[in-house]
Amino acid sequence: MPHLPPRRGLLAVAALAGTLLALPAAAADAVLNLYSARHYQTDEALYSDFTKRTGIRINRIEAGDEALLERLRNEGRNTPADVLLLVDAARLWRAQIDGMFQPVRSQTLESRIPAHLRGKDDGQGAEWFAFSTRARVIVYNKASVSPDQVRNYADLASPTLKGKVCTRSGTHPYMLSLIGAMSEHLGEAKAESWARGVVANFARSPRGGDTDQIKAVATGECGVALTNTYYLVRMMRSEAAADKDAVAKIGMVWPDQQTWGTHVNVSGGGVMRNAPNRAAAVKFLEYLASDSAQAYLADGNNEWPAVPSAPMNNPVLSSLGQFKADTLPIGSVGRAQVTAAKIIDRAGWR
Ligand code: FE
């Protein structure tokens, strides 16, 4: 794991004295401390491209989302982190609620990232921004389920799918966000009865990640499951015979095309509240919204750019086709996890 240089003694003194310290811009801009839950090989090119363009060196701390958030809580207000990148609105919102981010006012970010893909904004600028998007889709076993049985998320609760539905644990952020979005659209009571219906249809108790659900649908252990699109596309791009076999046995549906659209989530990030290198941090977020960074981000992990005009070059992802995406503000998706957590408790979606 890359490690950070020791903090300047001056900063510690300033923190003790409780005063604000303004470092000269040049010194403050030379380095960026990035905490990232993204862990894709292709991100390497992204970071070196930023350094090439700006001369700003990146110190990186990479870990899983939960481990990063834990580390940041322990480091408290003395964390050297300038930028935090996380996956899923549920986690970004949690970081926001924990007071980790500061608002950023940037014409570049405001013109490039659509308003519904920006986190909390009380008029001072958004506290976090989405930089790539993914959809949560339904996959089904072509031999045992017809696509007409699963046109909507609501169908997962239909008695015709008894014993056929697989999901990962309801406590996982991907599920919390989807269930939260359902409750935003349906209201809590209806979302809960839907959740109970899904649980009643389980083929097995929730376990594994999204890729495990896809594989279990392919073997026929499950008739239908939910997955983020990038796991499916990763499998579609795989050269492994087992993956090719699995892909041949499954079909995919964009849920809720006649209603509010397929649930879309994000990876994104923001500038830390006490960022020692604030100017560099804002520059980095603006860089992430550029066409070239959007391409790295989106193609590397088979996601869509958050910037609508950004070009993409990922034929397999594009082969999934166009779809109607849910445009619920991503901040309300994040917040809805509070209701979702109650729903999964009561419905036993564990
Ligand atoms: Fe994931």
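Counting enclosed spaces in this predicted model gives three cavities of 30 Å³ or more. The model's local features need pLDDT of at least 70, side-chain atom pairs count only at pLDDT 80 or more, and totals for chains, interfaces and linings use all residues. Residues are numbered from 1 along each chain as its sequence is written, and side-chain values use heavy atoms, with hydrogens and water left out.

**The cavities**

What counts as a cavity here? On a 1 Å grid over the protein atoms alone, it is a set of points where a 1.4 Å probe fits but cannot get out, and lining residues have an atom within 4 Å of a point. Grid points are joined across faces, edges and corners, and a volume is the space filled by probe spheres set on the points.

| Cavity | Volume | Lining residues by class |
|---|---|---|
| Largest | about 60 Å³ | six nonpolar, two polar, one charged |
| Second largest | about 40 Å³ | five nonpolar, two polar, one charged |

For those classes, Ala, Val, Leu, Ile, Met, Phe, Trp, Tyr, Cys and Pro are nonpolar, Asp, Glu, Lys and Arg are charged, and the others, Gly among them, are polar.

Which residues line the largest cavity? Walk around its wall and you meet His116, Leu117, His263, Val264, Val266, Asp326, Leu328, Ile330 and Val333. Two elements, β9 (264-272) and α15 (330-335), give two or more residues each to that lining. Such labels come from DSSP runs numbered from the N terminus: helices are H or I with at least four residues, strands are E with at least two.

Around the second largest cavity sit Arg38, Leu85, Leu86, Phe131, Ser267, Gly268, Leu288 and Leu297. Here β3 (83-87) and β9 each supply at least two lining residues.

**The iron site**

Next up is the iron ion, which is held by the OH atoms of Tyr174, Tyr230 and Tyr231, at 1.9 to 2.0 Å. Donors are N, O and S atoms within 2.8 Å of the metal (3.2 Å for Na, K and Ca), and water is not among the atoms, so sites may look incomplete. Along the chain, the spacing of the iron donors reads Y-x55-Y-Y. Distant parts of the chain are linked this way: Tyr174 belongs to helix α7 (residues 173-186) and Tyr231 to helix α10 (residues 229-237), 57 residues apart.

Are Tyr174 and Tyr231 buried or exposed? Both are buried, a word that means under 20% relative accessible area, with exposed over 50% and partly exposed in between (1.4 Å probe, protein chains only).

**The disulfide**

Searching the whole structure turns up one disulfide, defined as a pair of cysteine sulfur atoms within 2.5 Å. Cys166 and Cys222 form it, with an S to S distance of 1.9 Å. Cys166 is in strand β6 (residues 165-166) and Cys222 in the loop between α9 (210-219) and β7 (224-228), so the bond ties together parts 56 residues apart in sequence. Its S-S torsion is about -80°, so the disulfide is left-handed. Cys166 is buried at 0% relative accessible area, and Cys222 is buried too, at 1%.

**Two backbone oddities**

Most residues other than glycine have a negative phi. Asp88, though, has a positive phi near 85°; this residue is in the loop between β3 and α5 (89-97) and is buried, with 1% relative accessible area. Asn302 also has a positive phi, near 55°. You'll find Asn302 in the loop between α13 (291-300) and β10 (304-305), where its relative accessibility of 5% counts as buried.

Methods:
1 Å grid on protein atoms, 1.4 Å probe; cavity = no way out; pocket = protein on both sides within 12 Å on 5 of 7 lines; lining within 4 Å.
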